[in-house]
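Visitor: I would love a close look at a single part of this structure. Could you pick one residue, walk me through its surroundings, and then turn to the ligand?

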Amino acid sequence: MAELVLKPGKERSLLRRHPWIYDTAIGRVKGSPASGDTVAVRSHDGKWLAWAAYSPSSTLRARCWSFDESDRIDASWLAARVRAAVARRAHLAEASDAVRLVFGEADALPGLIADRYADQLVVQFQAAGVEGHRDALLDALVAATGCANVFDRSDSAGRVREGLPAVHGVARGAEPPLRIAIHEHGRRAWVDVRGGHKTGYYIDQRENRELAFALAVRARRQLGRDLGALNCFCYTGGFSVALAAGGANHLLSIDSSADALALAKMNWQLNGLPEAAAEWQAANVFEALRRLRADGRRFDLIVLDPPKFAASHHHVDRAARAYKDINLSALRLLAHEGYLLTFSCSGAIGVELFQKIVAGAVADAGVEAQMLRRLAAGEDHPLRMSHPEGEYLKGLLLQRV
Ligand code: SAH
């Protein structure tokens, strides 16, 4: 078996079980491992550290499978990781049949995403290691879930960095239907696993959509008036449906994607919500928010769930300005005692920086606001404590006072 020998000092992060090894940490490679091969990782003085998957084209040159020398990274080891990951999510089945079953590094399967939508599985192999064990992992997923149909959405940008071609198609079983109906906290949604974002749906926002529902219920009681709500970057309308189901009387939903809006409208109908209560805008949110202000509009509940503005650390400043811009605009539209749910899914922007940006927007808007909660992705997107890079989605619940 090939070996990676690290430079002096570079063993420290591995001793803390951090799973990533960059090319710059490697002193030399013994043998000639191919993409995805399992390698032994050793310190400069020969001490065994980890089993890792080798990825020759990526600067993230290896990702650790295991820190236990007695492990053998074979089909049965992988199947055990898959079974454990699936078992840890069993309690979520009651809340929803849209669940992330495997979340890469967090589940000791670096680069593997597996999502369940009813009886359909959707996978992404985002690193050379899991790609190299594709068949074993697919077998394990089918065995652990009893789902026969698996669709492969390995078409994300990360594959390019790993030197892997994009894959988009059936991996096991039959073609998925055009749309799959899922349920989430008693509401329903259509998911397009072929053409939708990520694997089709933002599973990570499940608990925050449920919070939006609860806020609408609360606001109806507290404010005792008809509620107007605004959902920015609405995608397929998950937050819109939740807010309306909770009692928001009027819902304005904005997204730049016509496809997303088309599915959002179907989701509105699927939940039996009144057509007259919905207003849809295909628009750029940055401009739409300014127009709404010029029109003198006000909202009791506002959701801001934009796409990732900072793709990496290089984009933090520009992204911070963009987050500030939309939060400032939204706060100016927020009614007294109204609620703002604001999110960032940029891993490069930490929760403290995000809070600072939003605080800046509150100050510039000249309003008073309380932060009621900090928010994160659901429990099926856990953060492995040795891998802080896995943290990405953060949000704040504010109330204007
Ligand atoms: N809140 C959604 C997920 C939002 S994803 C949910 O719970 O499902 C982000 C969305 O922002 C995508 O649908 C994308 O089409 C949209 N988007 C990206 N840039 C935009 C812009 N400048 N204006 C409006 N929508 C935009």
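Guide: Happy to. Let's start at Arg100, which sits in strand β7, the run covering residues 98-103. Please keep in mind that this is a predicted model. Is Arg100 buried or exposed? With a relative accessible area of 6%, Arg100 falls under the 20% cut-off and therefore counts as buried.

What does its side chain meet there? The side chain of Arg100 makes a polar contact with the side chain of Asp115, at 2.6 Å. Asp115 also appears in the wider set of contacts: beyond the neighbours within four places in sequence, Arg100 touches Arg89, Ile113, Ala114, Asp115, Ile203, Asp380 and His381.

Now for the ligand, which has 15 residues around it. The closest of these are Arg209, Asp255, Ser256, Val285 and Asp305. Three of those names come with polar atom pairs worth finding on your screen. At Arg209, an N or O atom of the side chain is 2.8 Å from an oxygen atom of the ligand. Val285 takes part through its backbone, where a polar atom is 2.9 Å from a ligand nitrogen. At Asp305, a polar side-chain atom lies 2.6 Å from a nitrogen atom of the ligand. Taken alone, the ligand would expose 580 Å², and the protein buries 89% of that area.

As for the make-up of the shell around the ligand, eight residues are nonpolar, four are polar and three are charged.

Note on methods:
Residues are numbered from 1 along each chain as its sequence is written. This is a predicted model: local features need pLDDT of at least 70, side-chain atom pairs count only at pLDDT 80 or more; totals for chains, interfaces and linings use all residues. Side-chain values use heavy atoms; hydrogens and water are left out. Helices (H or I, at least four residues) and strands (E, at least two) are DSSP runs, numbered from the N terminus. Buried means under 20% relative accessible area, exposed over 50%, partly exposed in between (1.4 Å probe, protein chains only). A polar contact is a pair of N or O atoms within 3.5 Å; within protein, one must be able to donate a hydrogen and the other to accept it, and residues adjacent in sequence count only if both atoms are side-chain atoms. Contact means heavy atoms within 4.5 Å. A residue is near a molecule or strand if one of its heavy atoms lies within 4 Å of it. Accessible areas come from the Shrake-Rupley method with a 1.4 Å probe; for residues, only the protein chains shown count as cover. Ala, Val, Leu, Ile, Met, Phe, Trp, Tyr, Cys and Pro count as nonpolar, Asp, Glu, Lys and Arg as charged, and the others, Gly among them, as polar.
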